Amino acid sequence: MRTVIRHTAHRPPISASLYLLLLVVAASAVPATAGNANNDAEVVRMEFSGSGRILLRSDPTPEAPFSEIEPIWRRGGRNLSVAYASGSVPVLSVTIELPAAAAQQPMMVRGIGPDDLSFPAVAVKPEFNGTVATLQYPARQALRSFEPSMVCTYEPFTVQWETSTNGGATWTCRAISRNTVYVTLARPVEEQPEVGYACIESLLAISCRDANGATTETEVIGDVWQDFKDRVVQTVSGDTLAFYRHKRVDPQATTAGLLFTKSGVCYAWAHLLIDLLRVHGITRHNCYVLLTAPAATAYGPVDGMLMKNCQFGNPSGADVCPDFPYVAAFDPHRTFDLVGPDVYSRPGLPAQGEPDPVALFRDHSIVFLDGVYYDPSYGRTYSSLDEFYNYIAGWVVRSQANELAVNYDLNGDGKIEDRMMTIARVSNDAHHLALSVTRSDY
Ligand SMILES: [Ca+2]
Ligand SMILES: [Ca+2]
């Protein structure tokens with residue numbers, strides 16, 4: 001039985017300064033791409049295959065929402081990312097160039113990979129072209145599989161390519177290849193591009209880095225969630241994703257849209273968490289939970305729940321609307337903020353990538369997994385939905401009011417005029433209205 005090193009979760013004890021030194025050495029010694037390693041040969045092409053390979057797609061762009069990452073690295077190319085399901089066997093074919101003078105017939109080639117994932121010795125006939133000889137290592141399975149039922153991230157997956165000219169008695173390292181390999185807990189749930197779910201590289205990068213070494217679904221869920229708790233979730237390129245970045249109302253409502261614009265609504269955040277698990281084959285019945293405010297009251301259409309924090313003054317509109325007695329104008333410059341006279345929005349609940357996010361919602365999307373409610377937008381969990389009400393400052397219905405009647409400059413133009421404006425009438429009772437709960441699989 002081989003020893004499994006859980007790469008990040010159980011890092012071996014190592015002093016901080018030594019660890020830093022190792023990081024510096026590793027960073028300076030490892031180029032981002034496959035290539036030679038102070039040797040006379042060079043890897044010029046590699047192709048990853050095998051039945052366990054997962055079709056990986058690059059992060060979305062406007063031109064290419066779901067373009068497949070070809071599992072082929074070519075000379076001069078950037079670091080290639082490939083993905084496999086755990087327990088599967090990677091297959092590699094490689095083309096190596098070396099000086100003709102260093103090649104001879106017969107010649108053998110093998111690859112020494114990480115965790116004994118090595119590629120067997122094969123007799124290869126060099127092809128000569130002037131001063132260059134080419135070795136074509138045919139597609140071969142690794143000598144073992146990726147560890148079954150274990151998430152693993154190889155950044156990079158390093159293979160030392162060796163040759164022998166004496167039938168395998170002695171070997172010489174000729175070149176080194178380095179690529180990123182993500183290994184998922186199990187095969188991903190089938191893609192649904194029509195709703196924005198696919199095996200996008202950032203989903204693999206985020207979840208495989210988070211859950212590196214995890215061996216159960218519970219561990220993967222716990223490790224991925226850990227990433228959300230600090231409200232900094234980053235794409236494969238290191239961009240931090242945000243909940244309504246800069247308080248804009250953002251139309252991005254899917255995982256793909258969130259990864260593309262780096263800004264999304266609660267629906268996108270809920271689906272990001274679900275999708276980070278789906279790429280590992282993890283699903284839960286009725287995991288998607290939508291909390292919806294009532295559409296209207298007798299006093300007018302409901303704008304929704306007002307999230308904390310708000311500062312409440314005196315309820316000047318109690319005579320007109322006793323259930324929603326506080327009157328406030330909407331800030332014309334900042335989305336849905338309230339700017340008095342009775343209610344002022346204040347920085348309250350920090351969300352993903354935004355310390356002071358939009359705080360008025362008709363509905364809210366969260367995720368239910370194994371008895372716990374996960375609120376990805378805020379990086380918080382609730383043991384019951386009742387807890388969610390602790391974060392509601394009040395409820396808002398939209399109404400019309402005359403600036404003169406309320407004696408307040410509702411549109412912030414510096415004048416109090418005989419003019420009707422949309423205002424908020426607010427109740428500061430979190431339980432004044434009840435959210436309806438809809439559960440579905442996705
Ligand atoms: Ca994080
Ligand atoms: Ca005015």
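Here is a walk through this structure, from its overall outline down to a few single residues. Keep in mind that you're looking at a predicted model.

Let's start with the whole chain. It holds six helices and 27 strands. Its radius of gyration comes to 29 Å, while the globule rule gives 22 Å for 442 residues, so the chain is more spread out than a compact globule. You can see that in the outline too: along its principal axes, the C-alpha trace spans about 100 × 45 × 45 Å. The domain assignment cuts the chain into domain 1 (29-184), domain 2 (193-285) and domain 3 (289-440). Between the centres of domain 1 and domain 3 there are 56 Å, taken over C-alpha atoms.

Now for the inside. Of the 442 residues, 41% are buried. Looking at contacts between residues at least 6 apart in sequence, 70% join residues at least 24 apart. The largest nonpolar core has 117 residues, and the ones with the most contacts inside it are Ile96, Leu273 and Leu306. Helix H5 (residues 266-278) gives this core its largest share, 10 residues. Take a look at Leu273: setting aside its neighbours within four places in sequence, this residue is in contact with Phe228, Val367, Tyr374 and Pro376.

Next up is a sheet. Five strands form an open sheet in the order E24-E23-E22-E14-E27, and the pairing is antiparallel. Strand E24 (380-382) and strand E27 (436-440) sit at the edges, each pairing on one side only. On average, neighbouring strands here are turned by 30° against each other, ignoring direction. If you zoom in on strand E23 (residues 372-375), you'll find three bridges joining it to E24, with the two running antiparallel. One residue to pick out is Tyr373, whose bridge partner in E24 is Tyr382. And here H5 comes back: the helix packs on the sheet, touching strand E14 (288-292), strand E22 (363-369) and E23. The direction of H5 makes about 15° with that of E22.

Let's finish with some spots in the backbone. Most residues other than glycine have a negative phi, and most peptide bonds are trans. Asp115 goes the other way on phi, with a positive value of about 50° although it isn't a glycine. You'll find Asp115 in the loop between strand E6 (107-112) and strand E7 (119-124). Asp115 has 16 other C-beta atoms within 10 Å, so it counts as partly exposed. Tyr244 also has a positive phi, near 50°, and lies in the loop between strand E12 (242-243) and helix H4 (255-261). Tyr244 is buried, because 25 other C-beta atoms lie within 10 Å and the cut-off for buried is 20 or more.

As for peptide bonds, the one from Lys308 to Asn309 is cis, with omega near 5°. Asn309 belongs to the loop between strand E16 (300-307) and strand E17 (310-312). The bond from Gly340 to Pro341 is cis as well, with omega near 10°, and Pro341 is part of strand E19 (residues 338-341).

One last stop is Asn166, in the loop between strand E10 (152-164) and strand E11 (172-184). Asn166 counts as exposed because it has 10 C-beta neighbours inside 10 Å. In sequence, Asn166 and Met107 are 59 residues apart, yet in space their C-alpha atoms are 7.6 Å apart.

Terms used
Residues numbered from 1 in each chain as written. Chains lettered and ligands numbered in written order. Predicted model: local features only at pLDDT ≥ 70, side-chain atom pairs only at ≥ 80, totals over all residues. Domains from an automatic or database assignment. Core = buried A, V, L, I, M, F, W, Y, C linked by C-beta atoms within 7 Å. Buried ≥ 20, exposed ≤ 12 C-beta atoms within 10 Å, placed from the backbone. Helix = DSSP H or I, 4+ residues; strand = E, 2+ residues; numbered from the N terminus. Contact = placed C-beta atoms within 7 Å. Pairing = 2+ DSSP bridges. Axes fitted to C-alpha atoms, helices over the stretch in contact; angles between N-to-C directions. Rg over C-alpha atoms; globule rule 2.2 N^0.38 Å.
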